[in-house]
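Subject: Structure handover

Hello,

Here is the structure we spoke of, for you to take over. Please open it alongside this message.

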Amino acid sequence: SSLLVEWLRVIQANKPTWGIYENVKNIVGKSFEMTFKMFIDELHEYGYNTYFKVLNAKDYGIPQNRERVYLIIILKEFDNGKFKFPEGFDNGIRLKDMLEDEVEEDNL
């Protein structure tokens, strides 16, 4: 929660037009539901619209199964309300495709 508080402090002090926040997906789960809601409510009080979604890196061309929550904030006066997270895609690349078949012993 200290990271959330610090992020809010930076946002309030600098008032950026937009921002991106990323964290573990559990931040939007049952255990932290109230904390995350208070975080979002605070951003709304600062004049931001918020958009968040759990995304998986493997759905965006990264060969890693890694779910994270992404939060986009946009000052209400600059937001047209049309923000959408990009659709995922499968580029066919897997981690095994990137690993070397053989590694020299002195590189271990």
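What follows is a list of findings, grouped by topic. Please keep in mind throughout that this is a predicted model.

Aromatic residues

The count of aromatic pairs comes to eight. One of them joins W7 and F39, with ring centres 5.7 Å apart and planes at 55 degrees, so the pair is tilted. This pair ties together distant parts of the chain, since W7 belongs to helix α1 and F39 to helix α2 (residues 33-45), with the two positions 32 residues apart. W7 has a relative accessible area of 16%, which is under the 20% limit, so W7 counts as buried. F39 is buried as well, at 3% relative accessibility.

F39 also pairs with F36, and this pair too is tilted, at 5.9 Å centre to centre with 50 degrees between the planes. Here the two partners sit within one element: both are in helix α2, three residues apart, or about one turn of the helix. F36, like F39, is buried. Taken further, ring pairs connect W7, Y21, F36, F39 and F52 into a cluster.

Salt bridges

As background, side chains of opposite charge can pair when their charged atoms come close. The structure has six salt bridges, and three of them are described here.

E6 and R9 form a salt bridge with an N to O distance of 2.6 Å. Why are E6 and R9 separated by about one helical turn? They are three residues apart in helix α1 (residues 2-14), and that spacing accounts for the turn. E6 is partly exposed at 37% relative accessibility, and R9 is partly exposed too, with a relative accessible area of 47%.

The side chains of D90 and R94 meet at 3.0 Å, N to O, in another salt bridge. D90 is exposed, at 54% relative accessible area. R94 has a relative accessible area of 38% and is partly exposed.

The third of these salt bridges is between K30 and E33, where the N to O distance is 3.9 Å. That distance still qualifies, because the cut-off is within 4 Å. K30 is exposed, with 71% relative accessible area, whereas E33 is partly exposed at 43%.

Surface patches

Two patches on the surface should be noted, one nonpolar and one of negative charge.

The nonpolar patch consists of I93, L95, M98 and L99, which together have about 400 Å² of accessible area. L99 is located in the segment after α3 (95-98). Is L99 buried or exposed? Its relative accessible area is 53%, and the limit for exposed is over 50%, so L99 is exposed.

The negative patch is made up of E100, D101, E102, E104, E105 and D106. D101, like L99, is placed in the segment after α3. D101 is exposed, with a relative accessible area of 79%.

Single residues

Two further positions are listed for completeness.

K15 has a phi near 45 degrees, which is a positive value in a residue other than glycine. K15 is in the loop between α1 and β1 (18-24). With a relative accessible area of 40%, K15 is partly exposed.

V69 is part of strand β3 (residues 67-75). V69 is buried, at 1% relative accessibility. Its C-alpha atom is separated by 14 Å from that of L3, and the two residues are 66 apart along the chain.

When you go through the model, a workable order is as follows:

- the aromatic cluster of W7, Y21, F36, F39 and F52;
- the salt bridge of E6 and R9 in helix α1;
- the salt bridges of D90 with R94 and of K30 with E33;
- the nonpolar patch of I93, L95, M98 and L99;
- the negative patch that includes D101;
- K15, for its positive phi.

Regards

Note on methods: Residues are numbered from 1 along each chain as its sequence is written. This is a predicted model: local features need pLDDT of at least 70, side-chain atom pairs count only at pLDDT 80 or more; totals for chains, interfaces and linings use all residues. Side-chain values use heavy atoms; hydrogens and water are left out. Patches are made of residues with over 30% relative accessible area and no salt bridge: like charges are joined within 9 Å, nonpolar side chains (Val, Leu, Ile, Met, Phe, Trp, Tyr) within 5 Å. Accessible areas come from the Shrake-Rupley method with a 1.4 Å probe; for residues, only the protein chains shown count as cover. Helices (H or I, at least four residues) and strands (E, at least two) are DSSP runs, numbered from the N terminus. Buried means under 20% relative accessible area, exposed over 50%, partly exposed in between (1.4 Å probe, protein chains only). Lys and Arg count as positive and Asp and Glu as negative; His and the chain ends are not counted. The place of a charge is taken as NZ of Lys, CZ of Arg, CG of Asp or CD of Glu. Rings of Phe, Tyr and Trp (its six-membered ring) pair if their centres lie within 6.5 Å; planes under 30 degrees apart count as stacked, over 60 as edge-to-face and the rest as tilted.
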